[in-house]
Amino acid sequence: MTLAVDAVVLDVDGVLIDVSESYRRAIVESIERVYGETVDRETVQLFKDAGGFNDDWDLTHAAALLVLARRHGYEYSTKTFADAIAASGGGLDGAQTVVADKLDPDQRERVLAAWDPEKLTDVFQQLYLGSDLYRELEGGEPSLDTAGFINDETVLVEEGTLAALVERFDVGVVTGRPAAEAAIALDRVGLDVPDAYLFTMDHDAPGKPEPDALAHLAERFDAEALAFVGDTLDDVRTAVNAEEQDPERAYHGIGVLTGGLTGESGRRKFERAGARAICDSVNDVPALLEPR
């Protein structure tokens with residue numbers, strides 16, 4: 001099977017860059033440093049699958065809510081909590097709704113009194129960026145002396161893959177990274193994307209799975225068919241939502257198994273989410289696509 005497209009849009013984390021030892025590690029260790037206990041990486045994936053966590057800061061805040069809720073009376077499993085988030089609309093708002101619904105008022109007040117999203121984000125950034133880059137990008141003096149998990153990221157995409165895509169298609173990027181961190185990642189893999197074809201956390205468009213950024217790119221490319229390559233269910237949902245919002249164009253969500261979703265279970269989840277194709281990695285994508 002091949003897909004005929006005019007443009008290809010890439011996610012960064014889990015597609016171009018392996019973030020298992022950077023962003024995902026920062027989620028786990030930020031909660032540990034702030035609260036003295038944390039969640040495991042399986043919990044992080046359950047939250048990702050629940051949807052609405054394009055922003056890893058939001059996921060950190062939501063996972064901290066689970067830790068605090070358990071401390072103050074929440075007795076259900078992590079999967080039950082994640083499923084309830086999904087049923088409540090996903091994302092951080094969904095996690096807050098679960099806490100509001102499942103705890104009595106006194107328990108809820110104690111959870112929210114202990115919850116400190118601002119501190120969690122600051123610790124996350126220090127751990128991820130390291131002391132020197134934190135000073136440069138965040139403009140403050142770090143309280144932790146760290147090298148930065150960003151240095152543990154590895155490149156997933158091969159040079160020839162990017163060359164094949166750029167030669168045959170218009171190429172854009174939609175990522176949940178802040179702009180400065182997206183620039184570091186794209187420089188590392190050797191992908192030069194014009195600002196008009198790059199959407200980051202810093203843009204006004206809502207995050208995935210909302211379709212706005214993808215639809216804007218399709219319009220800017222004047223593309224009748226577009227492929228979006230991502231490693232999460234929300235990436236595929238973004239393409240599905242874009243096609244529902246903009247039925248005059250075709251949006252093909254392509255799932256890759258180099259993020260948190262792997263193996264046959266990952267394939268089944270992608271299929272249920274509406275993926276048009278599933279690849280072992282982004283390096284398999286050029287062979288799947290042909291110019292329209």
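Two strands pair if DSSP finds at least two bridges between them. The model used in these exercises is predicted.

**Exercise 1. The sheet**

Give the strand order of the open sheet, and find which strands stand at the edges.

Solution.
- Step 1. Take the order. The open sheet has 6 strands, arranged β6-β5-β2-β7-β8-β9.
- Step 2. Take the pairing. It is parallel.
- Step 3. Look for strands with a single partner. These are β6 and β9 (277–279), which stand at the edges.
- Step 4. Draw the consequence. Each edge strand has a single partner, so one side of each is left without a neighbour in the sheet.

**Exercise 2. The helix on the sheet**

State which strands helix α11 touches, and how its direction relates to that of β5.

Solution.
- Step 1. Locate the helix. α11 covers residues 212–221 and packs on the sheet.
- Step 2. List its contacts. α11 touches β2, β5, β6, β7 (225–230) and β8 (250–256).
- Step 3. Compare directions. The direction of α11 makes about 160 degrees with that of β5.

**Exercise 3. Strand β5 and its partners**

Describe how β5 is joined to β2 and to β6, and say how far β5 is covered.

Solution.
- Step 1. Start with β2, residues 7–10. This strand is joined to β5 by 4 bridges, and the two run parallel.
- Step 2. Find a facing pair. Ala7 stands opposite Asp170 in β5.
- Step 3. Turn to β6, residues 198–199. Here 2 bridges make the link to β5, again with parallel strands.
- Step 4. Find the facing residues. Val173 stands opposite Leu198 in β6, and Val174 stands opposite Phe199 in β6.
- Step 5. Check the cover. β5 spans residues 170–174, and 4 of its 5 residues are buried. The strand is mostly covered.

**Exercise 4. Helices α1 and α7**

Describe the packing of α1 against α7 by angle, distance and contact residues.

Solution.
- Step 1. Fix the two helices. α1 is residues 23–35 and α7 is residues 117–129.
- Step 2. Read the geometry. The angle is about 130 degrees, and the axes are 9 Å apart.
- Step 3. Classify the angle. α1 and α7 are therefore oblique to each other.
- Step 4. Add the hand. Their crossing is right-handed.
- Step 5. Name the contacts. From α1 come Tyr23, Ala26, Ile27, Glu29, Ser30, Ile31, Arg33, Val34 and Tyr35. From α7 come Lys119, Leu120, Val123, Phe124, Leu127 and Tyr128.
- Step 6. Sort them by class. The contact of α1 with α7 has 11 nonpolar, 1 polar and 3 charged residues.

**Exercise 5. Helix α3 and two neighbours**

Describe the packing of α3 with α6, then with α7.

Solution.
- Step 1. Take α3 (residues 56–71) with α6 (residues 105–114). Their angle is about 135 degrees and their axes are 9 Å apart.
- Step 2. Classify this pair. α3 and α6 are therefore oblique to each other. α3 passes α6 in a right-handed crossing.
- Step 3. List the contact. Leu65, Leu68 and Ala69 in α3 meet Val111, Leu112 and Ala114 in α6. By class, this gives 6 nonpolar, no polar and no charged residues.
- Step 4. Move to α7. The axes of α3 and α7 come within 10 Å and cross at roughly 125 degrees. That makes α3 oblique to α7.
- Step 5. Add the hand. The crossing of α3 and α7 is right-handed.
- Step 6. List this contact. α3 supplies Asp56, Trp57, Thr60, His61 and Ala64. α7 supplies Pro117, Leu120, Thr121, Phe124 and Gln125. The classes are 5 nonpolar, 4 polar and 1 charged.

**Exercise 6. Tyr76 and Thr78**

Decide for each residue whether it is buried, partly exposed or exposed: Tyr76 and Thr78.

Solution.
- Step 1. Place Tyr76. This residue lies in the loop between α3 and α4.
- Step 2. Apply the cut-offs. Buried means under 20% and exposed over 50% relative accessible area. Tyr76 has 46%, so Tyr76 is partly exposed.
- Step 3. Find its contacts. Not counting residues up to four places away in sequence, Tyr76 touches Arg70 and Lys102.
- Step 4. Place Thr78. This residue is found in helix α4, residues 78–87.
- Step 5. Apply the cut-off again. Thr78 has a relative accessible area of 14%, so Thr78 is buried.
- Step 6. Find its contacts. Leaving aside neighbours within four places in sequence, Thr78 is in contact with Thr43, Leu46, Leu66 and Arg70.

Notes
Residues numbered from 1 in each chain as written. Predicted model: local features only at pLDDT ≥ 70, side-chain atom pairs only at ≥ 80, totals over all residues. Heavy atoms only, no water. Axes fitted to C-alpha atoms, helices over the stretch in contact; angles between N-to-C directions. Parallel < 35°, antiparallel > 145°, perpendicular 65-115°, else oblique. Left-handed = near helix turned anticlockwise from the far one by under 90°. Contact = heavy atoms within 4.5 Å. Nonpolar A, V, L, I, M, F, W, Y, C, P; charged D, E, K, R; others polar. Buried < 20%, exposed > 50% of the residue type's maximum accessible area, 1.4 Å probe, protein only.
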